[in-house]
Amino acid sequence: MRLSTLCLLGASLSLAACNGAEPEPEATEEVAHAHGEGTHTHDVDTVAEGDIKDPEMIAATDVSPEYLQLATNVEIVPDIEKAVKSSSAVLTHEGLFGPLLFAEETRAFFIELQPGMFLAEHPHDIGSIVYTVRGKWVLASEGKRQVMEAGSLFRFGDGMPTGWEAPFNEPALLLIVKPKGESTDYKVFNEGIKEMAANVDADRKKGGAYYYDVLEEDHPAIKFARSVNPDFDAVLAQID
């Protein structure tokens with residue numbers, strides 16, 4: 001029987017076979033697979049060996065930490081702790097703030113809470129995801145309190161009031177990831193933090209509460225602090 005007759009009678013034969021061509025191989029999981037929000041392929045390297053550029057370490061500045069430029073639009077902060085000690089970090093009465101990395105839609109920065117700091121619940125226009133890198137601190141929201149320790153992760157939504165308290169004897173380092181908002185780059189972020197620091201300092205001089213030592217003894221934050229840290233008096237004693 002001729003091949004053309006088989007093509008008419010046998011639906012199982014492909015058009016490629018009818019034309020005498022080899023059938024295309026099916027895509028395998030190793031070649032391509034989907035990841036929910038889109039599909040990408042694991043192709044062979046597309047950059048010729050001779051075109052590969054060496055990674056470049058970008059030095060820290062007064063507004064940015066040291067980071068490694070591994071590839072185009074791929075940056076690495078090798079050590080967050082080094083960024084905490086860099087000159088781009090700004091100390092405020094709400095903690096030590098410093099930038100880490102900026103992506104197209106998001107930014108990552110850190111806050112190091114100092115022992116004795118207290119920040120009452122207040123709303124934030126843009127929500128965040130917050131990871132505790134080291135230390136312990138207290139998250140407050142809707143009058144409830146939770147001790148957060150190294151390795152813990154939480155998020156809060158847009159407009160949700162939250163506060164933080166530092167009743168322990170050691171600083172706590174927090175990593176925050178959130179949409180860029182108005183902080184579009186290192187310079188803008190630095191200017192914003194410095195402006196915030198000045199506003200907070202002025203508010204503290206007017207009586208604003210940013211440390212435990214100005215709270216009444218029966219304040220819920222004081223009561224909770226004593227319940228989770230038997231050595232809380234030592235924390236109070238070191239507040240400037």
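**Exercise 1. Which backbone oxygen lies 2.8 Å from a polar atom of the side chain of Ser 86?** Find this atom, then describe where Ser 86 sits.

*Solution.* Keep in mind that you are looking at a predicted model.
- Step 1: Start at the side chain of Ser 86 and look for its polar partner. The backbone oxygen of Ala 83 lies 2.8 Å away from a polar atom there.
- Step 2: Place Ser 86 in the fold. This serine belongs to the loop between helix H3 (80-84) and strand S6 (90-92).
- Step 3: Check its exposure. The relative accessibility of Ser 86 is 16%, and buried means under 20%, so Ser 86 counts as buried.

**Exercise 2. Survey the salt bridges, then work through individual pairs.**

*Solution.*
- Step 1: Begin with the total. The whole structure holds 9 salt bridges.
- Step 2: Take Glu 165 and Arg 145. They form a salt bridge whose closest N and O atoms are 2.9 Å apart. Glu 165 lies in strand S14 (residues 162-165) and Arg 145 in strand S12 (residues 144-149), so this pair ties together parts that are 20 residues apart in sequence. Glu 165 is buried, at a relative accessible area of 2%.
- Step 3: Move on to Lys 187 and Glu 191. Their side chains meet in a salt bridge, at 2.5 Å from N to O. Both residues lie in helix H4 (residues 186-205), 4 residues apart, or about one turn of the helix. Glu 191 has a relative accessible area of 41%, which makes this residue partly exposed.
- Step 4: Look at Glu 217 and Arg 226. The N to O distance in their salt bridge is 2.9 Å. Arg 226 is partly exposed, with a relative accessible area of 32%.
- Step 5: Finish with a network. Salt bridges link Glu 81, Glu 112 and Arg 134.

**Exercise 3. Describe the largest pocket: its volume, its central residues and the make-up of its lining.**

*Solution.*
- Step 1: Give the volume. The largest pocket holds about 790 Å³ of space.
- Step 2: Go to the centre. There are 30 lining residues, and the closest to the centre of the pocket are Arg 107, Phe 109, His 124, Lys 178 and Ile 193.
- Step 3: Trace the lining back to the fold. Elements that each supply at least two lining residues include strand S8 (106-113), strand S15 (172-179) and H4. The largest share, 4 residues, comes from H4.
- Step 4: Sort the lining by chemistry. The residues divide into 17 nonpolar, 7 polar and 6 charged.

Key
Residues are numbered from 1 along each chain as its sequence is written. This is a predicted model: local features need pLDDT of at least 70, side-chain atom pairs count only at pLDDT 80 or more; totals for chains, interfaces and linings use all residues. Side-chain values use heavy atoms; hydrogens and water are left out. Buried means under 20% relative accessible area, exposed over 50%, partly exposed in between (1.4 Å probe, protein chains only). A polar contact is a pair of N or O atoms within 3.5 Å; within protein, one must be able to donate a hydrogen and the other to accept it, and residues adjacent in sequence count only if both atoms are side-chain atoms. A salt bridge is a side-chain nitrogen of Lys or Arg within 4 Å of a carboxyl oxygen of Asp or Glu. On a 1 Å grid over the protein atoms alone, a cavity is a set of points where a 1.4 Å probe fits but cannot get out, and a pocket is an open set with protein on both sides within 12 Å along at least five of seven lines; lining residues have an atom within 4 Å of a point. Grid points are joined across faces, edges and corners, and a volume is the space filled by probe spheres set on the points. Ala, Val, Leu, Ile, Met, Phe, Trp, Tyr, Cys and Pro count as nonpolar, Asp, Glu, Lys and Arg as charged, and the others, Gly among them, as polar.
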